[in-house]
Amino acid sequence: MLTRIQPKRFSDEIAEQILGLIKKGKLKPGDTLPSEREMASSLGVSPPPLREGLKKLETLGFIEIQPRRKIVVKSIIGKSMQDPLAQAIEGDIDMVVQLLEVRKILESWAASRAAQRADKAHIMHLQEVFEELEKDFETDTLGVDADARFHLAIYEATGNTILCHIGFTIFDILWQSQKLTRETMFKEEENKRRLLEQHQAIFQAIKDGNPRKARSAILSHLNFAKKKILELAS
């Protein structure tokens, strides 16, 4: 009835250790893993079992091994959901607005939770990204990448790994539409000023540890975005 227990292979242990870091949020979507040489040295294994473990994670969809052996953590939200959504949203203002409504649900909770849970490292990261966004606005750069990183940093500060991956997927889908919207919005200097003030208010509320203000600030920002998108579509 019972069968002999087989010792785990090094490759399985390696895959489980990396997967554990992904589940705990210590490795986030878009993060780059160390080189194979560094990982093999840290783990005390030879390259073959390491590559086997990495290949297993790539097959399962947790990482992507890019040219020149760059290894990037992927979102755990599969392409079976991401690709159809991206196609449905592309060029469709109504679908962009619907996704914005979903963001309001997720990000109002995320901002409130981040205000409660953000530690010094989270606050420093948020400040760094906000300063990048500020520089982009000052130099008339669209700031789409910095904006996405700012909102993702809020997700990260909640300590909720699933939410981080959902957020990463949403912003991956939204990137192109965000770019087009910003190009139009930035024709008016007032819009740029208001967007920067809104992000600053969100950051300050999280830094101050005020969940109510953080929730209110991010809803004001997303409602403003929705209003402008609908104005651009009319």
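**Figure 1. A close-up of E36 and the residues around it.** Leaving out residues up to four places away in sequence, E36 touches L50, R51, L54, R69 and I71. One of these neighbours, R51, has a side chain joined to that of E36 by a polar contact of 2.8 Å. E36 belongs to helix 2, which covers residues 36-43. Is E36 buried or exposed? It counts as buried, because its relative accessible area is 12%, and the cut-off for buried is under 20%. Keep in mind, here and in every other view, that you're looking at a predicted model.

**Figure 2. The whole chain, for getting your bearings.** Before zooming in again, let's step back. The protein has 10 helices and 2 strands. Starting at the N terminus, the order is α-α-α-β-β-α-α-α-α-α-α-α, so if you trace the chain from that end, you pass three helices, then the strands, then helices again. The protein has 234 residues, and 42% of them are buried. Its exposed surface comes to about 13,600 Å², with carbon and sulfur atoms supplying 52% of that. Now look at contacts between residues with a separation of 6 or more: 71% of those are made by residues 24 or more positions apart.

**Figure 3. S11 and its partner E52.** S11 sits in helix 1, which runs over residues 10-23. Which residue's side chain makes a polar contact with the side chain of S11? That's E52, and the contact is 3.4 Å. If you skip the neighbours within four places in sequence, S11 is in contact with P49, E52 and G53. S11 counts as buried because its relative accessibility is 3%, and anything under 20% gets that label.

**Figure 4. The largest nonpolar core.** Here's a general idea to carry into this view: in soluble globular proteins, nonpolar side chains tend to be buried together. In this model, the largest nonpolar core has 43 residues. The ones with the most contacts inside that core are L126, F150, I154, Y155, I202 and I206. Which elements give two or more residues to this core? They are helix 5 (93-117), helix 6 (120-138), helix 7 (144-157), helix 8 (161-185), helix 9 (189-207) and helix 10 (211-233). Apart from this core lies another one, of 18 residues, including I18, L54, F62 and V73. You've met L54 already: it's among the residues that E36 touches.

**Figure 5. Zooming in on Y155.** Y155 is one of the residues with the most contacts inside the largest nonpolar core. What does Y155 touch, once residues up to four places away in sequence are set aside? The list is L106, E107, A110, L163, C164, G167 and F171.

**Figure 6. Two rings, F130 and F203.** The structure holds 1 aromatic pair. The ring centres of F130 and F203 are 6.2 Å apart and the planes meet at 10 degrees, so this pair counts as stacked. The two partners come from distant parts of the chain: F130 is in helix 6 and F203 is in helix 9, with their positions 73 residues apart. F130 is buried, at a relative accessible area of 5%, and F203 is buried too, at 6%.

**Figure 7. R182 among its neighbours.** R182 is found in helix 8. Not counting residues up to four places away in sequence, R182 touches F137, L142, G143, V144, D147, L195 and H199. Take L142 from that list: it's 40 residues from R182 along the chain, yet their C-alpha atoms are separated by 6.3 Å. R182 is buried, with a relative accessible area of 7%.

**Figure 8. K228 and M185.** K228 lies in helix 10. Its C-alpha atom is separated from that of M185 by 7.6 Å, though the two residues are 43 apart along the chain. Leaving aside neighbours within four places in sequence, K228 is in contact with M185, E188 and N191. K228 is buried, at a relative accessible area of 13%.

**Figure 9. How confident the prediction is.** The protein's average pLDDT is 84, and 88% of the residues score at least 70. Where is confidence lowest? That's helix 4 (residues 79-89), with a mean of 59, while helix 9 has the highest, at 93. Helix 9 is also the home of F203 from the ring pair.

Conventions. Residues numbered from 1 in each chain as written. Predicted model: local features only at pLDDT ≥ 70, side-chain atom pairs only at ≥ 80, totals over all residues. Heavy atoms only, no water. Helix = DSSP H or I, 4+ residues; strand = E, 2+ residues; numbered from the N terminus. Buried < 20%, exposed > 50% of the residue type's maximum accessible area, 1.4 Å probe, protein only. Contact = heavy atoms within 4.5 Å. Areas by Shrake-Rupley, 256 points an atom, 1.4 Å probe, with all protein chains shown as cover. Polar contact = N/O pair within 3.5 Å; in protein donor to acceptor, adjacent residues only side chain to side chain. Core = buried A, V, L, I, M, F, W, Y, C linked by side-chain atoms within 4.5 Å. Phe/Tyr/Trp six-rings, centres within 6.5 Å; stacked < 30°, edge-to-face > 60°. pLDDT = per-residue confidence, 0-100.
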